Amino acid sequence: MANLRIDKVLNNNVLIAEHPSYEEVVLIGKGIGFNRKRGDYIETDAVEKLFVLKNEKEQENYIKLLPFIDSDFLEIIISAIDLIKQRTHSVLNEHIHVALTDHLMFALTRASQGMEMRNPFLVETKALYRHEYEVAAEVVRLIKDKTGIDLPVGEIGFIALHIHSAITNKNLSDVNQHSQLVTRLVEMVEGQFEIEIDKEGIDYVRLVRHLRFAIDRVMKGEKVEEPEKIASLLKEEYPVCYNLSWKLIKVMQQTLKMKVFDAEAVYLTMHLQRLQHKFK
């Protein structure tokens, strides 16, 4: 990128500038607004830690947030997003600036008032998105180092979902809906088998991953090849697991409002049988 002309300095960390291909853009970076004024040029190559918001809606929402954020907090949040960018080696979806800034602002306020928000998807998030979870834990450490505020462990899970959403370009509400669905499916399995799966154990990780990948395949409309002979064999040999797998698939279909291919039942039955066998 070349030089961009500054239109307006919103604060020490945020500028509005003219961009040759996007017209107006919002530039975010630690201290980039310091000692600058309208009409100055900013050499974007020289600023390593610079984020450019091109999307108009995201720009508008981000600017609306600014008056409510203490500038020290904002600098820390910008550092946190930069850390995420470095650790994930990915181009983050622009929405993370609005979504995570908003989330962390409330999280810091809640924590400083001694309030805690329960995270019902914590174990599931940790099982599914190991890397995002580790990066989120680093973000929480960074916040503690800079502010002295110790965010509760549930926040690591929430931040991990934001990271996952930003690197996969998935909508956060879909990520949350799918998390709720997986939690419900796991509860159905536990209820049917009358077992309690250790949420820290490998069986839980495997089951959750299997369900999550199945959901991803359904969302992408990916057809799985069905070994027909195996289907009838499993139906006879493992009727309980086979019936349960269809119950789970029906719930998936209702929730996602999408077709689930029959072959998913075969793979799910095999998975459930292995799980049941282990608990016997």
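**Exercise 1. Which residues does Glu-190 touch, not counting residues up to four places away in sequence?**

*Solution.* The model is predicted: local features need pLDDT of at least 70, side-chain atom pairs count only at pLDDT 80 or more, and totals for chains, interfaces and linings use all residues. Residues are numbered from 1 along each chain as its sequence is written, and side-chain values use heavy atoms, with hydrogens and water left out.

Step 1. Locate the residue: Glu-190 belongs to helix 7, residues 172–193. Helices (H or I, at least four residues) and strands (E, at least two) are DSSP runs, numbered from the N terminus.

Step 2. List the contacts, a contact being heavy atoms within 4.5 Å. With residues up to four places away in sequence not counted, Glu-190 touches Ile-195, Glu-196, Ile-197 and Lys-199.

Step 3. Examine the polar atoms: a polar atom of the Glu-190 side chain lies 2.8 Å from the backbone nitrogen of Ile-197.

Step 4. Classify the exposure. Glu-190 counts as buried because its relative accessibility is 13%, where buried means under 20% relative accessible area, exposed over 50%, and partly exposed in between (1.4 Å probe, protein chains only).

**Exercise 2. Describe the largest nonpolar core and the surroundings of Ile-84.**

*Solution.* Step 1. Fix the term: a nonpolar core is a set of buried Ala, Val, Leu, Ile, Met, Phe, Trp, Tyr and Cys residues joined through side-chain atoms within 4.5 Å.

Step 2. Give its extent. The largest such core holds 42 residues, and those with the most contacts inside it are Tyr-62, Ile-84, Leu-151 and Ile-159.

Step 3. Identify the contributors. At least two residues of this core come from each of strand 2 (14–19), strand 3 (23–28), strand 5, helix 1 (56–65), helix 2 (71–88), helix 3, helix 5 (130–147) and helix 6 (153–168).

Step 4. Inspect Ile-84. Neighbours within four places in sequence aside, Ile-84 is in contact with Leu-92, Ile-96, Leu-100, Val-135, Val-139 and Ile-163.

Step 5. Look for another core. A second, separate core has 34 residues, including Tyr-129, Ile-195, Ile-215 and Cys-241.

**Exercise 3. Characterise the largest pocket and the cavities.**

*Solution.* Step 1. State the method. On a 1 Å grid over the protein atoms alone, a cavity is a set of points where a 1.4 Å probe fits but cannot get out, and a pocket is an open set with protein on both sides within 12 Å along at least five of seven lines; lining residues have an atom within 4 Å of a point. Grid points are joined across faces, edges and corners, and a volume is the space filled by probe spheres set on the points.

Step 2. Treat the largest pocket, which contains about 200 Å³ of space. Strand 5 (51–53) and helix 3 (95–112) each provide at least two of its lining residues. The lining comprises six nonpolar, three polar and three charged residues; here Ala, Val, Leu, Ile, Met, Phe, Trp, Tyr, Cys and Pro count as nonpolar, Asp, Glu, Lys and Arg as charged, and the others, Gly among them, as polar.

Step 3. Count the cavities: the whole structure has two of 30 Å³ or more.

Step 4. Describe the largest cavity, with a volume of about 50 Å³. Its lining consists of Val-123, Lys-126, Ala-127, Arg-130, Lys-199, Glu-200 and Val-205. Helix 4 (residues 122–128) gives the most to this lining, with three residues.

Step 5. Describe the second largest cavity, of about 40 Å³. Its lining includes Arg-217, Glu-222, Lys-259 and Phe-261, and divides into three nonpolar, one polar and four charged residues.

Note on methods
Polar contact = N/O pair within 3.5 Å; in protein donor to acceptor, adjacent residues only side chain to side chain.
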